[in-house]
Amino acid sequence: MCIDLGDNRTGLAAGDAFSRLASPLKVLEVPIAERGGESLVAAIVREVNGYFGDARTAGELVVGMPFNMDGTEGPRAKGVRAFADRVAKATGRVVHFHDERLSSVEADWKMARSGLTHGQKKARRDALAAAAILQDFLGGLEGGGTAFGGGSSGVRSSEADADGREQDDDGGV
């Protein structure tokens, strides 16, 4: 599952390492500042547990990392890392970071000729961006290039495959 963290809306997407397909799930309309982030952590935990089951089942998380266009970490990166650590602890799951540059642009491009109103697009944008991040992450699992040119890194240790990528038993992310 992928999390595209935002100040007011957080996009969620799901996919798996076997098919290498990602799909938007939903947008959580919970401000990150509400109750010091606890409301959003709780909402994410509910969604993760609803999708994967409890922490004993396989499944990992990918969190979009706000890199600058030159590849350096943006000013929000420290906050995203800290929030992802809270989510990892609350869910008991491995969390990977992946470049989120241009994911919103890709989401907007996919909706450009959809016939949706501005409000309908806004309601879907973050989940589509999360799907773009996850699709790029999954596309790089075989060591190939990624659409955004970015990379990923894990924050929790687990068994690594030959390429050094962290894997779970059934390939779910």
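Where does Asp54 lie? Let's start there, and then walk around the rest of the protein together. Asp54 is in the loop that runs between helix 1 and strand 4. Before we go on, please keep in mind that everything on the screen is a predicted model.

So, how confident is the predictor here? The average pLDDT of the protein is 79, and 75% of the residues reach at least 70. There is one stretch to treat with care. Over residues 143-171, pLDDT stays under 50. The model has 74 contacts for that stretch beyond four places in sequence.

Now the overall layout. How many helices and strands does the protein have? There are 4 helices and 6 strands. If you trace the chain from the N terminus, the elements come in the order β-β-β-α-β-α-β-α-α-β. Of the 173 residues in the protein, 44% are buried. Take the contacts with a separation of 6 or more: 67% of them join residues 24 or more positions apart. As for the surface, about 8600 Å² is exposed, and carbon and sulfur atoms supply 51% of that area.

Back to Asp54, then. With a relative accessibility of 34%, Asp54 counts as partly exposed. Leaving aside residues up to four places away in sequence, Asp54 touches Asn49 and Arg93. There is also a C-alpha distance to look at here: Asp54 and Gly92 are 38 residues apart along the chain, and their C-alpha atoms are separated by 8.9 Å.

Just before that loop comes helix 1, which spans 38-52. Our next stop is a pair of rings. How many aromatic pairs does the structure hold? The count is 1. The partners are Tyr51 and Phe52, with ring centres 5.1 Å apart and planes at 80°, so this pair is edge-to-face. The angle decides the label, because planes over 60 degrees apart count as edge-to-face. Are the two residues buried or exposed? Tyr51 is partly exposed, at 41% relative accessibility. Phe52 is buried, with a relative accessible area of 13%; the cut-off for buried is under 20%.

Let's move along to Glu73. You will find Glu73 in the loop between strand 4 (61-65) and helix 2 (77-91). Glu73 is partly exposed, and its relative accessible area is 37%. Which residues does Glu73 touch, once we set aside those up to four places away in sequence? They are Pro66, Phe67, Asn68 and Arg81. With Arg81 there is a polar contact, side chain to side chain, at 2.4 Å. Asp99 sits 26 residues from Glu73 along the chain, with 9.5 Å between their C-alpha atoms.

Arg81 deserves a second look. Besides its polar contact with the side chain of Glu73, Arg81 lies over the face of Phe97, at 4.7 Å from the ring centre. So if you have the viewer open, centre on Arg81: you can pick out Glu73 as its polar partner and Phe97 as the ring beneath the charge.

Staying with helix 2, we come to Asp85, which has its place in that helix. Asp85 is partly exposed, at 25% relative accessibility. Asp85 and Val95 are 10 residues apart along the chain, and their C-alpha atoms are separated by 7.8 Å.

Next, Arg101. This residue is in the loop between strand 5 (95-99) and helix 3 (103-111). Is Arg101 buried or exposed? Arg101 counts as buried, at 14% relative accessibility. Pro66, which we met as a contact of Glu73, is 35 residues from Arg101 in sequence and 6.6 Å away in space, C-alpha to C-alpha.

Last of all, two arginines with a backbone feature to look at. Arg20 has a phi near 60°, a positive value in a residue other than glycine. Its place is the loop between strand 2 (10-16) and strand 3 (21-28), and at 23% relative accessibility Arg20 counts as partly exposed. Arg35 is not a glycine either, and its phi is positive at about 55°. Arg35 is in the loop between strand 3 and helix 1. At 62% relative accessibility, Arg35 counts as exposed.

That's the tour. Thanks for listening, everyone!

Notes:
Residues numbered from 1 in each chain as written. Heavy atoms only, no water. Phe/Tyr/Trp six-rings, centres within 6.5 Å; stacked < 30°, edge-to-face > 60°. Buried < 20%, exposed > 50% of the residue type's maximum accessible area, 1.4 Å probe, protein only. Lys NZ or Arg CZ within 6 Å of the ring centre and 35° of its normal. pLDDT = per-residue confidence, 0-100. Contact = heavy atoms within 4.5 Å. Areas by Shrake-Rupley, 256 points an atom, 1.4 Å probe, with all protein chains shown as cover. Polar contact = N/O pair within 3.5 Å; in protein donor to acceptor, adjacent residues only side chain to side chain.
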